[in-house]
Amino acid sequence: AGYFYGCFMNSCTTMNPLVLTGTAEELKSVRALRVVATANYSGAKLKTESGDKQELFLTLPDGETTISGGAAILRTLSYLTPAASLSGETLEDGALVDAWLTFTQNSVELPILAYTVDPENSAVKDDITRSLATLDQLFVYSTYIVDHRVSIADISLAFVLSDYKETSWKKSFVNLARWYDTITHQPFWTQTLKDPSGTA
């Protein structure tokens with residue numbers, strides 16, 4: 001807690017860069033790209049380094065503290081750059097962002113990974129379809145997942161969907177497709193795909 005308070009008071013964007021470490025293959029994955037995209041959006045200094053561990057982990061500017069786990073890394077970036085409001089502007093917004101991060105991981109990302117391994121598994125495809133239908137209803141009246149601005153929930157979900165090879169979903173879920181186009185046409189997205197090695 002003390003580290004994050006110090007970062008908040010002194011602005012982590014002016015400190016040593018954050019370092020995202022993973023295997024060369026993992027650093028090409030959507031799991032790494034969404035971290036780089038979050039840094040691009042928030043203005044955080046971040047660089048990527050290839051390592052031996054399979055799991056991605058983030059080293060904080062002190063060079064010692066490390067964070068692992070996709071959602072935890074995204075939350076950490078949002079805490080270190082509070083001006084970007086990527087975890088929402090209120091405690092209620094923050095709770096909703098966390099809830100949608102969990103939904104994305106459990107109900108979208110994991111089924112899509114399972115579908116990638118076994119595209120003939122109809123049960124998995126049905127699970128994905130139900131989750132996308134839930135999201136499509138969310139975007140009937142909403143531009144973003146929480147409140148009126150981009151959050152780490154939007155960034156995470158957009159990259160997960162970019163990895164879904166069954167692209168016909170855009171025709172079935174037009175509200176979700178509209179939201180996806182909104183996210184993927186923003187400068188931070190383009191910059192991430194142009195240079196996925198980081199922002200530092």
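Helices here are DSSP runs of H or I at least four residues long, and strands are E runs of at least two, both numbered from the N terminus. With that in hand, colour this predicted model by secondary structure: you should find 9 helices and 4 strands. Follow the chain from the N terminus and the order reads α-β-α-β-β-β-α-α-α-α-α-α-α. The radius of gyration is 17 Å against the 16 Å that the globule rule gives for 200 residues, so the chain is as compact as a globular protein of that length.

Zoom out and switch to the C-alpha trace, which spans about 50 × 40 × 30 Å along its principal axes. Turn on contacts next: of those between residues at least 6 apart in sequence, 74% link residues at least 24 apart.

Now for the inside. Buried residues account for 45% of the 200 in the chain. Select Leu 161 and Trp 179: in the largest nonpolar core, which has 56 residues, these two touch the most other members. Elements giving at least two residues each to this core include strand E1 (18–22), helix H2 (30–42), helix H4 (91–117) and helix H6 (152–162). H6 supplies the largest share, 8 residues.

Stay on Trp 179 and show what surrounds it. Setting aside neighbours within four places in sequence, its contacts are Phe 139, Thr 143, Tyr 144, Ile 145, Asp 154, Leu 157, Ala 158 and Leu 161.

Finally, put on a surface. About 10000 Å² is exposed, 52% of it from carbon and sulfur atoms. Colour by charge, and the mean positions of the 15 positive and 23 negative charges turn out to lie 5 Å apart.

Notes:
Residues numbered from 1 in each chain as written. Predicted model: local features only at pLDDT ≥ 70, side-chain atom pairs only at ≥ 80, totals over all residues. Heavy atoms only, no water. Rg over C-alpha atoms; globule rule 2.2 N^0.38 Å. Buried < 20%, exposed > 50% of the residue type's maximum accessible area, 1.4 Å probe, protein only. Contact = heavy atoms within 4.5 Å. Areas by Shrake-Rupley, 256 points an atom, 1.4 Å probe, with all protein chains shown as cover. Lys, Arg positive; Asp, Glu negative; His and termini not counted. Charge placed at Lys NZ, Arg CZ, Asp CG, Glu CD. Core = buried A, V, L, I, M, F, W, Y, C linked by side-chain atoms within 4.5 Å.
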